[in-house]
Amino acid sequence: MTAKIPVCILGATGTVGQKFVRLLADHPWFEIAAVAASSASAGRRYGEVVRWREQTDLPPAIADLVVGECAPPLPGAVAFSALDADVAGPIEQAFARAGAFVVTNTRTHRMEPDVPLLIPEANADHLVLIDRQREARGWRGAILANPNCSTAALALALAPLHRAFEVEKLFVSTMQAVSGAGYPGVPSLDALGNVIPHIGGEEEKIERETRKILGALDPGGVEPAAFAVSAHTNRVPVIDGHLETVSVGFRRRVSPQEATAALREFRGSPCVSDLPSSPDPPVEVDARADRPQPRLDLDRGRGMAVTVGRIRPCPILDLRLVLLGHNTIRGAAGQGVQIAELLVADGRLERRG
Ligand SMILES: NC(=O)c1ccc[n+]([C@@H]2O[C@H](COP(=O)([O-])OP(=O)(O)OC[C@H]3O[C@@H](n4cnc5c(N)ncnc54)[C@H](OP(=O)(O)O)[C@@H]3O)[C@@H](O)[C@H]2O)c1
């Protein structure tokens, strides 16, 4: 019998924090040892302060945990951070300094050269950046970043195409769910029956994070992939799931059949494919003319698979396609848990037996 690894969740009361609670409640390798949030929630039972939005019941043992302040020491070899970005920086650094692996969903540290920005199937090799980070910063722990939610789906679908055909340029237009703005997020009178053609900072995140994820390790950190990205982001009245329409140009002409084959054959390394949270396959191609759709396709691979459809020629660039990813699972908590699993599989976190 092997003991589970204790973990804590920072920002456990929010949209992403609750998803972490749900995914970790019966995880085979990890157990929730602590939950923390703002001072307004700290000191009270989690079940009392959380506005639980998940469709499964809140496990009684978690409901009974007393919410802590977001400051070390908290029990947990891993600290999953689902904090508001405005407060995350110093808190995450304090946990890494105190020895925790901080898997963060906030934008704060994503673009720092010694912080890996990870999609395990696409760039698990970037994990070695934490060795440089720990040495340079003198930390016992480290910070590992999860990409922005729309970037996570886009970069996962692009990874096999970039690997096989080398992307030169792309346009992406997103239709992003309201849950991407956290709770209570976008006011209903703004969201319902409407499309808001602006999500602050999102286009810049997609443009720079995609290139870091698909870039190559170099002595200074990561050399971003050389392609140009033009992003348009829109908030639409969908609860969960970001749909993205993409036009992409490659170094050479690529047919829809070649792209479909590359997407269908794509797998992470064997070590990544065997992780408990890894879907098989990571990218599902659906050839039906009207797919993917958030309501029908969001939960594929338990929310960890990205669905790609409508792969067809583009009269301006080479190909057009539509992709869909679950913003709080592949785009946040699910992939956060998968990153922590990668630390275990890579021998950096031990399960005690
Ligand atoms: N929603 C998504 O789809 C998504 C996807 C990817 C990444 N992200 C990122 O993940 C992070 C969390 O997003 P969310 O959507 O879950 O937001 P949210 O629902 O607004 O939750 C924010 C959390 O931060 C806590 N918090 C706020 N101020 C704090 C403070 N001063 N000290 C300590 N804790 C504090 C809140 O605790 P209280 O309840 O006590 O106020 C709550 O637990 C954000 O950085 C966001 O950009 C979100």
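Is Arg-252 buried, exposed or partly exposed, and what is its relative accessibility? In this predicted model, Arg-252 comes out as partly exposed, at 41% relative accessibility. Its partner is Glu-258, and the two form a salt bridge in which the closest N and O atoms are 3.0 Å apart. Glu-258 is partly exposed too, with a relative accessible area of 30%.

That pair belongs to a bigger set, since the structure holds 20 salt bridges. Side chains of opposite charge can pair when their charged atoms come close. Another case is Asp-280 with Arg-267, whose side chains meet at 3.0 Å, N to O. Asp-280 sits in the loop between α11 and β12, while Arg-267 sits in the loop between α10 (256–265) and α11, so this bridge ties together parts 13 residues apart in sequence. Asp-280 counts as exposed at 64% relative accessibility, and Arg-267 is partly exposed at 37%. A further bridge joins the side chains of Arg-300 and Glu-284 at 2.8 Å, N to O. Here the loop between α12 and β13, home of Arg-300, is tied to strand β12, which holds Glu-284; the two parts are 16 residues apart in sequence. Arg-300 counts as buried, at 17% relative accessibility. Both residues also take part in a network of salt bridges that links Glu-284, Asp-286, Arg-288, Arg-291, Asp-297 and Arg-300.

Back in the loop between α11 and β12, Asp-280 has something else to show: a cis peptide bond joins it to Pro-281, with omega about 5°. Pro-281 lies in that loop. The loop also contains Ser-278, which is buried, with a relative accessible area of 8%. The side chain of Ser-278 reaches the backbone oxygen of Val-272 at 2.6 Å. Leaving out residues up to four places away in sequence, Ser-278 touches Glu-121, Val-272, Ser-273, Arg-302 and Gln-338.

One of those contacts, Arg-302, has a backbone quirk of its own: its phi is near 50°, a positive value in a residue other than glycine. Arg-302 is placed in the loop between α12 (294–297) and β13 (306–313) and counts as exposed at 56% relative accessibility. Arg-310, also not a glycine, has a positive phi of about 50°. Arg-310 is found in strand β13 and is partly exposed, at 37% relative accessibility. A cis peptide bond also runs from Tyr-183 to Pro-184, with omega near 0°; Pro-184 is in the loop between β7 (167–176) and α8 (188–191).

Turning to the interior, the largest nonpolar core has 55 residues, and those with the most contacts inside it are Leu-10, Leu-170, Val-308 and Leu-323. Helix α7 (residues 149–165) supplies the largest share of this core, 9 residues. Setting aside residues up to four places away in sequence, Leu-323 touches a list of residues that includes Ala-153, Leu-154, Ala-157, His-242, Val-246, Pro-292 and Val-308. A second, separate core has 40 residues, among them Trp-29, Trp-52, Val-67 and Ala-340.

Helix α1 (residues 15–24) has its own buried residues: Gly-17, Gln-18, Lys-19, Phe-20, Val-21 and Leu-24. What covers these buried residues includes the strands β1 (5–10), β2 (30–37) and β4 (78–81). The helices α2 (46–49), α3 (60–63) and α13 (333–345) are also part of that cover.

Key. Residues are numbered from 1 along each chain as its sequence is written. This is a predicted model: local features need pLDDT of at least 70, side-chain atom pairs count only at pLDDT 80 or more; totals for chains, interfaces and linings use all residues. Side-chain values use heavy atoms; hydrogens and water are left out. Buried means under 20% relative accessible area, exposed over 50%, partly exposed in between (1.4 Å probe, protein chains only). Helices (H or I, at least four residues) and strands (E, at least two) are DSSP runs, numbered from the N terminus. Contact means heavy atoms within 4.5 Å. A polar contact is a pair of N or O atoms within 3.5 Å; within protein, one must be able to donate a hydrogen and the other to accept it, and residues adjacent in sequence count only if both atoms are side-chain atoms. A nonpolar core is a set of buried Ala, Val, Leu, Ile, Met, Phe, Trp, Tyr and Cys residues joined through side-chain atoms within 4.5 Å. A salt bridge is a side-chain nitrogen of Lys or Arg within 4 Å of a carboxyl oxygen of Asp or Glu.
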